[in-house]
Amino acid sequence: MQSGEPIPLTDTPNGDLPAFLKSANQPAYRVGQVRRWLYRDLATGFHEMSNLPAALRKKLAERYTPHGLLPGPIQQSEDGTHKFLFSTPDGAPVEAVLLPRRRGYALCISTQSGCAMGCPFCATGTLGLIRNLTGGEIVDQFLRGRRHARALGSELESVIFMGMGEPLANMDSLEQAMGRLVADDYAGFGAR
């Protein structure tokens, strides 16, 4: 990312948003409001954060972007599976898949673009490893998948880290993402 470009909010360290809001002379409760809009209400832009002052939304947009992944097309198959195609700001492809279940959906999330393992049964391995995803890019897949499931009138019931890449080969980003998925002040998704 070049300097001066907005920072993906899903990729910021935990203390960054509180420090920014404090420097903007905002009350401490604004941190919770912004996180709720992003992680629970699934806002895709600051314009959707209607209980924040317009001037604050403008300041947030100057420094941050809500998500780092760029959405692409969504392919739907006859069995109700939805395949999301994303790209990173540097052009690396990323895939996530929403799978229908009895009571909702499971979301299969990628932790890498491509894969270095070279398993003979997996098409992703033919790409080779393009790069590890950041924690925020992993979280972005969850937020977009959850939003899509809700638009379909349902919910996510589980998350599977078996998309592109080998999750344990990107452990730091995986741990960061899982922390935000299950923390009550972030996405609040059941750890079980």
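Two strands count as paired if DSSP finds at least two bridges between them. That rule is needed from the start of this tour of a predicted model.

**The hairpin of β4 and β5**

Select β4 and β5 first. Six bridges join these strands, which run antiparallel. To see one bridge, pick Leu85, whose partner in β5 is Glu95. Then look at the turn: β4 and β5 form a hairpin with five residues between them, and Gly91 in that turn has a positive phi of about 90°.

Stay on β4, which covers residues 82-87, and select Ser87. Is Ser87 buried or partly exposed? Ser87 has a relative accessible area of 23%, so it is partly exposed, the limit for buried being under 20%. Leaving aside neighbours within four places in sequence, show its contacts: Leu69, Leu70 and Ala92. Add Gly72, which is 15 residues from Ser87 in sequence, with 7.2 Å between the two C-alpha atoms.

**The whole sheet**

Now widen the selection. The open sheet has five strands in the order β3-β4-β5-β6-β9, with mixed pairing. β3 (70-76) and β9 (156-160) stand at the edges; each has a single partner strand, so one side of each is left without a neighbour in the sheet. On average, neighbouring strands here are turned by 20° against each other, direction ignored.

Move along to β5 and β6. They pair in the antiparallel sense over four bridges and form a hairpin with four residues between them. Pro100 stands opposite Tyr105 in β6.

Next comes the pairing of β6 (residues 105-108) with β9: these strands run parallel and are joined by four bridges. Select Leu107 and then Val159, its bridge partner in β9.

**Aromatic pairs**

How many aromatic pairs are there? The count comes to four. Start with Phe20 and Tyr64: their ring centres are 5.4 Å apart and their planes stand at 85°, so this pair is edge-to-face. It links distant parts of the chain, with Phe20 in helix α1 (residues 16-23) and Tyr64 in strand β2 (residues 64-65), 44 residues apart. Both Phe20 and Tyr64 are buried.

Then select Phe84 and Phe86. This pair is stacked, at 6.0 Å centre to centre and 10° between the planes. Phe84 counts as buried at 4% relative accessibility, and Phe86 counts as buried at 8%.

**The nonpolar core**

In soluble globular proteins, nonpolar side chains tend to be buried together. The largest nonpolar core in this model has 40 residues, and those with the most contacts inside it are Leu17, Leu60, Phe142 and Leu156. Elements giving two or more residues to this core include α1, β4, β5 and β6, along with α4 (135-151) and α5 (171-182).

Centre the view on Phe142. Leaving aside neighbours within four places in sequence, Phe142 is in contact with Leu107, Ile109, Leu156, Val159, Leu181, Ala187 and Phe189. Leu107 and Val159 are the bridge partners from the pairing of β6 and β9.

**A buried glutamine**

Finish at Gln112, in strand β7 (residues 112-114). Gln112 counts as buried, at 3% relative accessibility. Which backbone nitrogen lies 2.8 Å from a polar atom of the side chain of Gln112? The nitrogen belongs to Glu166. Not counting residues up to four places away in sequence, Gln112 touches several residues, among them Leu129, Arg131, Asn132, Met164 and Glu166.

Conventions:
Residues are numbered from 1 along each chain as its sequence is written. This is a predicted model: local features need pLDDT of at least 70, side-chain atom pairs count only at pLDDT 80 or more; totals for chains, interfaces and linings use all residues. Side-chain values use heavy atoms; hydrogens and water are left out. Buried means under 20% relative accessible area, exposed over 50%, partly exposed in between (1.4 Å probe, protein chains only). Contact means heavy atoms within 4.5 Å. Axes are lines fitted to C-alpha atoms, for helices over the stretch in contact, and angles run from 0 to 180 degrees between N-to-C directions. A polar contact is a pair of N or O atoms within 3.5 Å; within protein, one must be able to donate a hydrogen and the other to accept it, and residues adjacent in sequence count only if both atoms are side-chain atoms. Rings of Phe, Tyr and Trp (its six-membered ring) pair if their centres lie within 6.5 Å; planes under 30 degrees apart count as stacked, over 60 as edge-to-face and the rest as tilted. A nonpolar core is a set of buried Ala, Val, Leu, Ile, Met, Phe, Trp, Tyr and Cys residues joined through side-chain atoms within 4.5 Å.
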